[in-house]
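Let's take a walk through this protein together. Have the sequence and the 3D view at hand, and follow along at your own pace.

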Amino acid sequence: SCRRPAKAMDAAKNFLDATEERADLNQYWFSPATVSTFVAEICDKGGTAALVSTPSVYFSLPEDARKMCKVLDFDRQWQSDPGYVFYDFNQPEELPEELHGSFDFVLIDPPFITREVWEKYAITARFLAAKGACLLCTTIAENAAMMLELMGLHPAKFRPGIPNLVYQYSIYVNYSSDRLKALNPEIDQDDWQRHWRPASRPSDS
């Protein structure tokens, strides 16, 4: 079931239909097609995954894969799920010790884009990641140099769909993926990387 994108797409649509974004927590869900892409990335790599501030991806994983994963989030609405772990980025290492170095894949989508916040998420990523783990993070294109410095990540060509976010995010990874080397037809028809130049940063409002 992990290889069937239609299943992930349906699961993502169910999550989006059932779960309102909370403006007070800066929650903006990925589109179903983007969730399906992330699910495929996790399934391709296999093993354990930590979904940090990314509940839409966690709840779209097939049940067999989800049993090997955890969702780390500040929003306690999911605390009854066996894979839920409370997470506050202001205490980036206040996590159960058994999670230390135990994940083959770490996916992170913070609620803010600032360096101060990303420094804390980087600490969490190092805490969670097993040796050789795949990291996939999302933030704005203007943060490219910072993501390289803090986490050794490089931008992918595929950009995520986040329908209710006013500015466009990019994806940053530490591994090679044919899927992420392609444009996302939801977002781009032309190669944005060829034309992109750093502009003013969006505010974190």
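We begin with the overall fold, then visit two helices, several single residues and a pocket.

Keep in mind from the start that this is a predicted model. The protein chain has 7 helices and 7 strands. Reading from the N terminus, their order is α-α-β-α-α-β-β-β-α-β-α-β-β-α. The chain has 205 residues, and 50% of them count as buried. Among contacts in the chain with a separation of 6 or more, 64% are between residues 24 or more positions apart. On the outside, the accessible surface comes to about 10000 Å², and carbon and sulfur atoms contribute 50% of that area.

A good place to step inside is helix α2, which covers residues 32–45. From the first C-alpha to the last, this 14-residue helix reaches 20 Å, close to the 20 Å expected at 1.5 Å a residue. How much of α2 is covered? The helix is mostly covered, with 11 of its 14 residues buried. If you colour the helix by burial, you will find Pro32 and Cys43 among the buried residues, along with the run from Thr34 to Ile42, which includes Phe38 and Val39. Just after α2 comes glycine 46, with a positive phi near 70°.

Now move along to helix α5, residues 115–128. This helix also has 14 residues and spans 20 Å between its end C-alphas, again close to the 20 Å expected at 1.5 Å a residue. Its buried residues are Val117, Trp118, Tyr121, Ala122, Thr124, Ala125, Phe127 and Leu128. An α-helix has 3.6 residues a turn, so residues three or four places apart point the same way. With that in mind, try following Val117, Tyr121, Thr124 and Leu128, which are among the buried residues of α5. What covers the buried residues of this helix? The cover includes the strands β1, β2, β4 (103–108) and β5 (129–140), together with helix α6 (144–151).

Helix α6 brings us to methionine 151, which is found in that helix. Methionine 151 is buried because its relative accessible area is 13%, under the 20% cut-off. Leaving aside neighbours within four places in sequence, methionine 151 touches Ile108, Trp118, Ala122, Ala125, Leu135 and Cys137. Of these partners, Trp118, Ala122 and Ala125 also appear among the buried residues of α5. Methionine 151 and valine 173 are 22 residues apart in sequence, with 9.1 Å between their C-alphas.

Next, look at two serines. Serine 53 sits in the loop between β1 (49–52) and α3 (55–58). Most residues other than glycine have a negative phi. Serine 53, however, has a positive phi, near 60°. Serine 53 is also buried, with a relative accessible area of 15%. Serine 56 lies in helix α3 and, at 2% relative accessibility, counts as buried as well. Beyond its neighbours within four places in sequence, serine 56 is in contact with Phe15, Trp29, Phe30 and Val35; Val35 is one of the buried residues of α2. Valine 71 is 15 residues away from serine 56 in sequence and 9.5 Å away in space, C-alpha to C-alpha.

Trp29 and Phe30 turn up again as contacts of proline 163, joined there by Ser31. Proline 163 belongs to the loop between β6 (154–155) and β7 (169–173). Is proline 163 buried or exposed? At 60% relative accessibility, proline 163 counts as exposed. Its C-alpha is 6.3 Å from that of serine 31, although the two residues are 132 positions apart in sequence. Another exposed residue is arginine 197, with a relative accessible area of 59%, in the segment after α7 (192–195). Arginine 197 and alanine 141 are 56 residues apart in sequence, and their C-alphas are 9.2 Å apart.

We finish at the second largest pocket, which holds about 160 Å³ of space. Two elements give two or more residues to its lining, α4 (63–66) and β2 (69–73). The lining residues are Tyr58, Glu63, Arg66, Lys67, Met68, Cys69, Lys70, Asp81, Pro82 and Gly83. By class, that makes 4 nonpolar, 1 polar and 5 charged residues.

Methods:
Residues numbered from 1 in each chain as written. Predicted model: local features only at pLDDT ≥ 70, side-chain atom pairs only at ≥ 80, totals over all residues. Heavy atoms only, no water. 1 Å grid on protein atoms, 1.4 Å probe; cavity = no way out; pocket = protein on both sides within 12 Å on 5 of 7 lines; lining within 4 Å. Points joined across faces, edges and corners; volume = space filled by probe spheres on them. Helix = DSSP H or I, 4+ residues; strand = E, 2+ residues; numbered from the N terminus. Nonpolar A, V, L, I, M, F, W, Y, C, P; charged D, E, K, R; others polar. Buried < 20%, exposed > 50% of the residue type's maximum accessible area, 1.4 Å probe, protein only. Contact = heavy atoms within 4.5 Å. Areas by Shrake-Rupley, 256 points an atom, 1.4 Å probe, with all protein chains shown as cover. Expected span 1.5 Å × (residues − 1).
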